[in-house]
Amino acid sequence: MRLRPGQYRWAPYAEDGAPISVAIDLTNQRAFVFQGQALVGIAAVSTGRRGHGTPTGTFPILEKARFHRSNIYSNAPMPFMQRLTWGGIALHAGYNPGRPASHGCIRLPYGFARILFQATRVGATVVVTRGAPMEAPPMIEQPDIQMTAAEPEHTQPLTPGKQVAVMSTDRTVAYVTATML
């Protein structure tokens, strides 16, 4: 799915349903949010720049703060902060130029960060990968899922031929072209 810097899409989700998990694709600068196996959100992100790379791996959300200031970088604001490491890596709202530009954190569009903050719990899983898109997509249980933006100015339903992201049970992200929408 083509997203410009700062854009995102969010589909309706059940607030008391299956747990929320997040996948960050460093190669394509994308965040994918899943409720169980269903994709409910996708956003353009900005991750760590050269010399300040975002670490890969599987991380639990350790701490959440609606408004936090960096202890390391000049008291910088970090709205909707969700800490991934005690060494200073977090998901938070921030400037998103469409390329790696942070000191290692994962900067999210403000509206997306707000919704994600409300949807997640401490302990939720965040997987950060550098992997390229897979050759063959995994089986999709709901191929007709409609992704729409949470804010009217970003609204754009998926149509056949548009790219979407799916996650397999091993949490590998794949980009596939919508054919059944």
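Q: Two strands pair if DSSP finds at least two bridges between them; what shows that S2 and S10 pair?

A: S2 and S10 are joined in the parallel sense by four bridges, and the criterion asks for at least two, so the two strands count as a pair. One of the positions concerned is Asp25, whose bridge partner in S10 is Thr129. The model is a predicted one, in which local features need pLDDT of at least 70 and side-chain atom pairs pLDDT 80 or more, whereas totals for chains, interfaces and linings use all residues. Residues are numbered from 1 along each chain as its sequence is written, and side-chain values use heavy atoms, with hydrogens and water left out.

Q: Why are S1 and S5 called edge strands?

A: The six strands of this open sheet follow the order S1-S4-S3-S2-S10-S5, with mixed pairing. Both S1 and S5 (57-60) pair on one side only. Neighbouring strands of the sheet are turned by 20° against each other on average, direction ignored.

Q: What makes S6 and S9 the edges of the four-stranded sheet?

A: This open sheet has the order S6-S7-S8-S9 and mixed pairing. S6 (63-69) and S9 each have a single partner strand, so one side of each lacks a neighbour in the sheet. The average twist from one strand to the next is 25°.

Q: How do you know that S8 pairs with both S7 and S9?

A: S7 (77-83) meets S8 over two bridges, in the antiparallel sense, while three bridges join S8 to S9, which run parallel. Both counts satisfy the requirement of at least two, so S8 is paired with each. Towards S7, Ala90 is the bridge partner of Arg83 and Leu91 stands opposite Gln82. Towards S9, Leu91 has Ile106 as its bridge partner. Six residues separate the strands of the S7 and S8 hairpin, where Gly88 takes a positive phi near 110°.

Q: Why is H1 called a helix, and what makes it mostly covered?

A: H1 spans 110-119, and a helix is a DSSP run (H or I) of at least four residues, as a strand is a run (E) of at least two. Seven of the ten residues of H1 are buried (under 20% relative accessible area with a 1.4 Å probe, protein chains only; partly exposed lies between this and exposed, over 50%). Among these buried residues are Phe112, Ile115, Leu116 and Phe117.

Q: How do you know that H1 packs on a sheet?

A: H1 touches S1, S2, S3 and S4, and its direction makes about 35° with that of S1. H1 also lies across S6, S7, S8 and S9, at about 40° to S7. Contact here means heavy atoms within 4.5 Å, and angles run from 0 to 180 degrees between N-to-C directions of lines fitted to C-alpha atoms, for helices over the stretch in contact.

Q: What makes the 29 residues a nonpolar core?

A: Such a core is a set of buried Ala, Val, Leu, Ile, Met, Phe, Trp, Tyr and Cys residues joined through side-chain atoms within 4.5 Å. Ile24, Leu108 and Phe112 touch the most other members, and H1 gives the most to this core, with six residues. Beyond its neighbours within four places in sequence, Ile24 is in contact with residues including Leu91, Ile106 and Val127.

Q: Why is Lys64 said to lie over the face of Phe117?

A: The charge must be within 6 Å of the ring centre and within 35 degrees of the ring normal, taken at NZ of Lys or CZ of Arg. Lys64 lies at 4.4 Å from the ring centre of Phe117, over its face, so the distance limit of 6 Å is met.
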